[in-house]
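Visitor: Pick one small part of this thing and give me a close look. I'd like to know how it's put together and how it fits in with the rest.

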Amino acid sequence: MGWWAVFKKEMRLYFGSPMAYVVFTFFLVISGWFFSAIFLNYSDFSMRAFMQPQFSQNLNVVDNVMRPLFSNMAVVLLFFMPMLTMRLFAEEKRSGTIELLLSYPVRDGEVLLGKFLAAEALFAVLLVLTLVYPALVAFFTPIEWGPILTGYLGLLLAGGTFLAVGVLISSLTENQIVAGFGSFGVLLAFWVVGWGAEFAAPPWRGVLQYLSITDHMDGFSRGVVDTKDVVYYVSAIALALFLTLRSLESKRWRG
Amino acid sequence: MIQVERLTKRYGPVTAIEDVSFSVGKGQIVGFLGPNGAGKSTTMKILSCFMPASSGTARVGGFDVFSQSLEVRRRIGYLPENAPLYTDLPVAAYLDFVAEIKGVSRGARRGRVADVMDRCFVTEMQHRMIGKLSKGYRQRVGLAQALLGDPEVLILDEPTIGLDPKQIAEIRALIRSLAGQHTVILSTHILPEVSMVCDGVIIINRGRIVAQGTESQLVAQVFPSARIELRVTGASGDVAGALRAVPGVQGVQPLPSRDGSAAFLVESPRGRDVSGDLVRLVTSRGWALTELRQVGMSLEDVFLRVVAGEESQEPSAPMGAA
């Protein structure tokens, strides 16, 4: 299968270049810092709650540690994901290898699928490494695994959306820096659009809130898989990949 | 195997190729010859389905490059100009990827990859990163990937560029050995390469085909007369006049002479050998014949005549992109 060959090639290139390791390292450092800050704060708080039992009503490790951690990770991913996708098409165009790749008997969709799934798989590896945080929590206190699982599902979908947008923008340029900054800019815009919701008048408030790319994460980290959120991410991924395919195919008919 | 009809490609206002038509039969090796920027690479990019033509059609193995691109791509092996390869992959891993994407089955892959590495002389570099290879090795890895999957048609854009003389000879022999089973179209601006490797020649200049055929056809077409160089000593009187009087001789030009001998270039119609008559004339006059040889016209002479002739005719024509 063509997509499988492309997938394996991209994985080889990811692990053969320093980029994957740099992204992994810094993501783990930053999310680890968030985790320790949040977790220490929580243990401090629960100590005081022990003294004054009236505060301990709402004390829940998933709500107070994992939920803020997931939302912080989503924001950090927004900064990091463009670095994983910026080279996918831009580099092939710049170096001319796209000319050979497109001369092989594979459909453009298979090339795209192989590349996108490679990025998503790399991202999944990164998420697996972060399982150390809930594992650490579980070491100290009983933990509910359900919301953790849905939280990771949310991250996978949100991150997948970041990757799909990055792939789209990488297919539009042959400059990796432009691809990286372009996708970062678009993602940032979809993040900050949610902030405007507070000041907007009612019909717009809902629209802006719905557009916000990270707000849809929150339900997942509370253990709620809302169709509305799933639809948001899945359709965003599908739209970005569809546009990428069109941009690839245009190469074959545009003069 | 390859039919190209009235192919035209414009990049905005610039016309890269115009009204290009040619066909290549099964098992033939055809050389695409032209100065830089003549439109060789453009034609090859269209044939490899990388980009569409502005007008005209191109078919490979009966399939249209535009509407049946996937079928065409199953049948071609392509080496683009400068062999763009993934520099961060080792040679063997890269070729394995190409074999897989070309649909070589899992079991056969290792053997096929080893085979093309062997034929292209890159086996000793198989674990080296492509980015660390010299230009010559990179070019040969590019050729190896084109050969994978045993395609019926090979499209090679300047396959011997960047190679040293020994490697050039090896690669030419390799391409030559493909004749018969594979149809090959290769571009070059090394003229002797075409004479050595190709069955047919297409000369392209400023986006238009200016001559095509076999080498001998082109020579006959561009230089209708045969030439004999003649050198005599001890001659007196009007030697040129006497030569001109020989039946069949069309023209006689004196050549610069050395060491007191007289030299002439004698032209006669192709297919009529006047050398015997010339010898009889010289000996009957009592002159000494020191040299008599057929002057063969090479492809280079044809190319220079055809391309230079074009250039003097339309000096303001726009140059096409490469």
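**A helix pair in chain B**

Guide: H3(B) and H4(B) are oblique to each other, because angles under 35 degrees count as roughly parallel, over 145 as roughly antiparallel, 65 to 115 as roughly perpendicular and the rest as oblique. This is a predicted model, where local features need pLDDT of at least 70, side-chain atom pairs count only at pLDDT 80 or more, and totals for chains, interfaces and linings use all residues. Residues are numbered from 1 along each chain as its sequence is written, while chains are lettered from A and ligands numbered from 1 in the order written.

Back to the pair. H3(B) packs on H4(B), residues 106–119, at about 120 degrees with the axes 10 Å apart. Axes here are lines fitted to C-alpha atoms, for helices over the stretch in contact, with angles running from 0 to 180 degrees between N-to-C directions. Helices (H or I, at least four residues) and strands (E, at least two) are DSSP runs numbered from the N terminus. The crossing is right-handed: the near helix is turned clockwise from the far one by less than a right angle, anticlockwise being left-handed.

Who's touching? H3(B) brings Ala92(B), Leu95(B), Asp96(B), Ala99(B) and Glu100(B), and H4(B) answers with Arg109(B), Arg112(B), Val113(B), Val116(B) and Met117(B). Contact means C-beta atoms, placed from the backbone, within 7 Å. By class that's six nonpolar, no polar and four charged residues, with Ala, Val, Leu, Ile, Met, Phe, Trp, Tyr, Cys and Pro as nonpolar, Asp, Glu, Lys and Arg as charged, and the others, Gly among them, as polar.

Now zoom out. Chain B puts 25 residues into its contact with chain A, which supplies 23. H3(B), residues 91–101, gives at least two of them, as do helix H2 (69–75) and strand S6 (76–79) of chain B. The chain B side has 15 nonpolar, four polar and six charged residues.

Leu95(B) turns up again in the largest nonpolar core, of 140 residues, among the members touching the most others, as do Tyr94(B) and Ile155(B). Such a core is a set of buried Ala, Val, Leu, Ile, Met, Phe, Trp, Tyr and Cys residues joined through C-beta atoms within 7 Å; buried means 20 or more other C-beta atoms within 10 Å of a residue's own, exposed 12 or fewer, partly exposed in between. The largest share, 14 residues, comes from helix H3 (residues 61–85) of chain A. Ile155(B) touches, among others, Met44(B), Ile76(B) and Tyr78(B).

Technical notes:
Two residues are in contact if their C-beta atoms, placed from the backbone, lie within 7 Å. Lists of a residue's contacts leave out its neighbours within four places in sequence.
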